[in-house]
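Okay, everyone, thanks for squeezing me in. Let me put the structure up on the screen, and then we can walk through it together.

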Amino acid sequence: MKVLVIDDSKPIFMMVSQMLKELGHEAIWAENGQDGFEKVTANSDLELVLLDWNMPVMDGLEFLKKNGAESFCKAPIVMMTTENKPEKIQEALKNGAIDYIMKPFTADILENKIEMVCD
Amino acid sequence: MTNPEVYKFFSDYVYQHTGILYKEQDYYRLDSRFNTLVKKFEVKDASELFNLYVQKITPEMHTILIDLCTNNETYFMRDLKPFKAFAKEGMDYLKETFPNSISYNIWSAACSTGQEPLSLLMALDSFGDKLNLNKYKIEASDISTNALDKAKKGLYTGLEVQRGLPANLLIQYFSQVEDNWQVNKDLHNKISFKKLNLLTESFPLNEYHIIFCRNVLIYQDMENKKKILSKISDAIKPGGLLFMGAGESLIGVDIPMKQLELGKAFCYVKDS
Ligand SMILES: C[S@@+](CC[C@H](N)C(=O)[O-])C[C@H]1O[C@@H](n2cnc3c(N)ncnc32)[C@H](O)[C@@H]1O
Ligand SMILES: [Mg+2]
């Protein structure tokens, strides 16, 4: 399936994209929330969005809130961030993220989260 | 090069005490375990270790060896479907089959570091009817002292809590302690943990409504598997359920249980 990775770090995108490839998925990249919004709009066949929290221009939480107001994204959104405080997790879930991956994580964890979210 | 006699001595000892089988072609999997023991007991190599163990095996030496030779791999909500089926259809089934039971006895028979019994409780609470958790008596046991110690602490790393556990359950049932996660007391205290060897010890008769015995019999040969399963079957109440691991089955084992499709999972029901 096609997965959008929204993260301002290219190395992180490369790493996640490699993990996804090994799981048989295709990754596309957006470098911030605004770019993510455009990529979502241009790719109607997206099945999953992996969303970083801290990014310039539009951060992950703003992306979630924008989607909460406009519902432009039909695919499930999973946060993927170094933010690991329970309050942050709570806030992301409250704003529409379906699950949450704390960095660092392993390919195992990514696979498991994908299975649960996309089942 | 380690002497085959050394491998044989240790694999025989482990087999005899746990049923865990290291076949000749698996001997190399003992090497890293020997290394750990060599450091631990400050001896030169595996043959000195052997000299130490052939003289006398103290209870401590026994525990360390057995701990090392178990594979404690586990994660929360392992395979998910059995936990959902257990909490929803499984509970409906119990209510119907045991209308007079005021509480249900559930046993996680190889609980490793505790993820399985905790998952049972979280599943009941979040996928089930939100029944009063006091209706359940959860026992959990394992042969490995190390694994049990961790289970009794209920403290898991960021990586461990992400394996199998959706984030909503994480923040609902755990609190953060530095970079680790501590399971909430009210959940944790519902589980009674104890050390138990499935192969050598006996179990209470007709005691349990449900037993989870998952991913432990795969390390046993057929003869021991039959022996353990027949004790397990005796421990389940007539009409009670057995959940095994994905890919495990009772094929070739002659005990009075039949396969039952429960929600999206399969389990076994004991004849009544
Ligand atoms: C791979 S773990 C499975 C844990 C959990 N049931 C699951 O499915 O994720 C296997 C566990 O079985 C335990 N074990 C192995 N042989 C045993 C025996 N003879 N009696 C009791 N426990 C045993 C090991 O210590 C280990 O923790
Ligand atoms: Mg970032």
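I'll talk about the empty spaces, then some helix packing, then a couple of backbone details.

One thing before we start: this is a predicted model. Keep that in mind as we go.

Let's begin with the pockets. How much space lies in the largest pocket? About 470 Å³. Its lining is made of 32 residues, and if you want to find the middle, look for N71(B), A110(B), N215(B), V216(B) and Y219(B), which lie nearest the centre. Sorted by class, that lining has 16 nonpolar residues, 9 polar ones and 7 charged ones. So where does the largest pocket lie? Chain B has a domain 1, residues 4–69, and a domain 2, residues 80–270, and both of them give residues to the lining, so the pocket lies between the two.

Now for the second largest pocket, which holds about 400 Å³ of space. Here 18 residues form the lining, and this time the ones nearest the centre come from chain A as well as chain B: M116(A), D119(A), L80(B), K84(B) and F127(B). Three elements give two or more residues each to that lining: α5 of chain A, residues 107–118, plus α5 (81–97) and α9 (167–173) of chain B. Careful with the names, since there's an α5 in each chain. The largest share is 5 residues, and α5(B) provides it. By class, we have 8 nonpolar, 3 polar and 7 charged residues around this second pocket.

Next, the cavities. How many cavities of 30 Å³ or more turn up in a search of the whole structure? Just 1, and the space in it is about 40 Å³. From chain A, the lining takes Y100(A), M102(A) and K113(A), and from chain B it takes V161(B), Q162(B), L165(B), A167(B) and L170(B). The elements that put in two or more residues are β5 of chain A, residues 99–102, along with α8 (158–162) and α9 of chain B. You've met α9(B) already, because it also gives residues to the second largest pocket. The cavity lining divides into 6 nonpolar residues, 1 polar and 1 charged.

On to helix packing, all in chain B. Take α1, residues 4–18, and α3, residues 46–55: their axes come within 10 Å and cross at roughly 45 degrees. That angle makes α1(B) oblique to α3(B), and the crossing is left-handed. Now bring in α2(B), residues 31–40. Its axis is 9 Å from that of α3(B), and the two helices pack at an angle of about 70 degrees. That makes α2(B) roughly perpendicular to α3(B). This crossing is left-handed too.

Last bit: the backbone. Some background first: most peptide bonds are trans, and most residues other than glycine have a negative phi. With that in mind, zoom in on K103(A) and P104(A). Is the peptide bond between them cis or trans? It's cis, with omega near 0 degrees. You'll find P104(A) in the loop between β5 and α5 of chain A. Then hop over to chain B and look at E178(B), where phi is near 50 degrees, a positive value even though the residue isn't a glycine. E178(B) sits in the loop that runs between β4 (174–177) and β5 (180–183) of chain B.

That's my tour, thanks for listening!

Definitions and conventions:
Residues are numbered from 1 along each chain as its sequence is written. Chains are lettered from A and ligands numbered from 1 in the order in which they are written. This is a predicted model: local features need pLDDT of at least 70, side-chain atom pairs count only at pLDDT 80 or more; totals for chains, interfaces and linings use all residues. Side-chain values use heavy atoms; hydrogens and water are left out. On a 1 Å grid over the protein atoms alone, a cavity is a set of points where a 1.4 Å probe fits but cannot get out, and a pocket is an open set with protein on both sides within 12 Å along at least five of seven lines; lining residues have an atom within 4 Å of a point. Grid points are joined across faces, edges and corners, and a volume is the space filled by probe spheres set on the points. Ala, Val, Leu, Ile, Met, Phe, Trp, Tyr, Cys and Pro count as nonpolar, Asp, Glu, Lys and Arg as charged, and the others, Gly among them, as polar. Domain bounds come from an automatic or database domain assignment. Helices (H or I, at least four residues) and strands (E, at least two) are DSSP runs, numbered from the N terminus. Axes are lines fitted to C-alpha atoms, for helices over the stretch in contact, and angles run from 0 to 180 degrees between N-to-C directions. Angles under 35 degrees count as roughly parallel, over 145 as roughly antiparallel, 65 to 115 as roughly perpendicular and the rest as oblique. A crossing is left-handed if the near helix is turned anticlockwise from the far one by less than a right angle, and right-handed if clockwise.
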